[in-house]
Amino acid sequence: MNKLLTVCLALSLFALTSGATDFKWKKAVMDGSRTGVVTAGPDNVEEAMGRFDGGNYIAPNGRKFKKNSSTAKVAKLMMEAQPSMAFVKEVVGYSTRAMEKRSPESALTDWIIDMLMEETAELCGQEIDFGITNFGGIRVDMPAGEVLYDDLQSMFPFNNTLCCVKLKGRDVRRIFEKMAGGSVQVVGGVRMVVKDRKLQSLLVGGEPVDDDRVYNLATISFLLSGGDGMDLANNAIEVIDTQVNIFDVVIAHVRDMTQRGEKIEYEMDGRVQIIGDRRR
């Protein structure tokens, strides 16, 4: 919500001042320091965002802005939007600590891909051997404490669907060799070692890859044919697109966890080791 608020404020201020002919710009941190505004919850809009008195805007820190000022106009727009935004402020889960997205591996990305593998298996009714998603599809980090609907929606804003791809082992190896030479994405169900941009070893389910065996890959539709340079459906024996959006799966998964009294927490397991020149 902080990012959404920042973007909306910036766009609104631009629209309100665009009639001027000369502009002078300088960078400033949009942290609410001028007004004391913070992200509002569903029940504290006035406390978090201020109030209006006779058309004038009274900020949370007590500053008064005349009703025709840009600040007052933007505040009015933002406050009027709050009722329609209430649903995104629902607390859907609890995270024991903040988790940042980091390559080639992090607790957050391990949690995400392992969850997607589990959910894809459930949707397809088939055992999943390994999973791949992309770092770019995970847009924000996991906060510590209460996790809002908006936190997860911001994490997965794209309309990608979960897919199961059946591949021969030789094509599985090709995929990981390509990643080793470029960018290793978010992976699950495997242990891989990359040295100097070459794949040194690859285990799927704890076993070396069998070139003639058929493996089930859980992934997202974006990566099937070109997304982020991936072509995971190339030479596929079968592709099952569940038509279920990744966000819908994640939000349902977290709500189920919360209902069972579980918190979001995860640890890295060293599934990706990069030796040499890696900067991923």
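This passage describes the fold, the nonpolar cores, one helix and several individual residues of a predicted protein model.

The protein contains seven helices and 14 strands. Of its 280 residues, 43% are counted as buried. Among contacts with a separation of 6 or more, 73% are made by residues 24 or more positions apart. The exposed area of the protein is about 14,900 Å², and carbon and sulfur atoms supply 50% of that area.

In soluble globular proteins, nonpolar side chains tend to be buried together. In this model, the largest nonpolar core has 62 residues, and I132, L152 and F176 are the members that touch the most others in it. Helix α4, which covers residues 107-124, gives the largest share of this core, with nine residues. There is also a second, separate core of twelve residues, including A40, A72, V74 and A75.

Helix α7 runs over residues 246-259 and has 14 residues. At 1.5 Å a residue, the helix should span 20 Å, and its end C-alpha atoms are indeed 20 Å apart, so the expected and computed spans agree. An α-helix has 3.6 residues a turn, so residues three or four places apart point the same way. The buried residues of α7 are I246, F247, V249, V250, I251, H253, V254 and M257. These buried residues pack against two other helices, α4 and α5 (149-155). They also pack against the strands β4 (91-95), β7 (161-168), β12 (214-220) and β13 (238-245). The N-terminal end of α7 is capped by N245, which places a side-chain oxygen 2.8 Å from the backbone nitrogen of F247. Just after the helix, G261 adopts a positive phi of about 80°.

Several residues have backbone angles that merit separate description. The peptide bond joining S103 and P104 is cis, with omega at about 5°. P104 belongs to the loop between β4 and α4. Two residues that are not glycine have a positive phi: the value is near 50° for D196 and about 65° for Q243. D196 is found in the loop between β9 (190-195) and β10 (198-204), whereas Q243 is part of strand β13. The relative accessible area of D196 is 45%, so this residue is classed as partly exposed. Q243 has a relative accessibility of 60% and therefore counts as exposed.

Two further residues, Q185 and K178, were examined for their surroundings. Q185 is located in the loop between α6 (169-181) and β8 (186-188). With a relative accessible area of 7%, against a cut-off of under 20% for burial, Q185 is buried. Apart from neighbours within four places in sequence, Q185 is in contact with P104, I132, T133, N134, F135, M179, D228 and M230. One of these partners, P104, is the residue joined to S103 by the cis peptide bond. Another, I132, is one of the residues that touch the most other members of the largest nonpolar core.

K178 lies in helix α6. Its relative accessible area is 43%, so K178 is partly exposed. Residues up to four places away in sequence being left out, K178 touches G229 and D231. The side chain of K178 comes within 2.7 Å of the backbone oxygen of G229. K178 and R197 are 19 residues apart along the chain, and their C-alpha atoms are separated by 9.2 Å.

The cysteines were considered last. A search of the whole structure finds zero disulfides. For C163, the nearest cysteine sulfur is that of C124, 8.2 Å away, and C163 is in no disulfide. C124 is also the closest partner of C164: the two sulfur atoms are 4.8 Å apart, which is too far for a bond because a disulfide requires sulfur atoms within 2.5 Å. C163 is buried, with a relative accessible area of 0%. C164 is likewise buried, and its relative accessible area is 0%.

Technical notes
Residues are numbered from 1 along each chain as its sequence is written. This is a predicted model: local features need pLDDT of at least 70, side-chain atom pairs count only at pLDDT 80 or more; totals for chains, interfaces and linings use all residues. Side-chain values use heavy atoms; hydrogens and water are left out. Helices (H or I, at least four residues) and strands (E, at least two) are DSSP runs, numbered from the N terminus. Buried means under 20% relative accessible area, exposed over 50%, partly exposed in between (1.4 Å probe, protein chains only). Contact means heavy atoms within 4.5 Å. Accessible areas come from the Shrake-Rupley method with a 1.4 Å probe; for residues, only the protein chains shown count as cover. A nonpolar core is a set of buried Ala, Val, Leu, Ile, Met, Phe, Trp, Tyr and Cys residues joined through side-chain atoms within 4.5 Å. The expected span of a helix is 1.5 Å times one less than its number of residues. A polar contact is a pair of N or O atoms within 3.5 Å; within protein, one must be able to donate a hydrogen and the other to accept it, and residues adjacent in sequence count only if both atoms are side-chain atoms.
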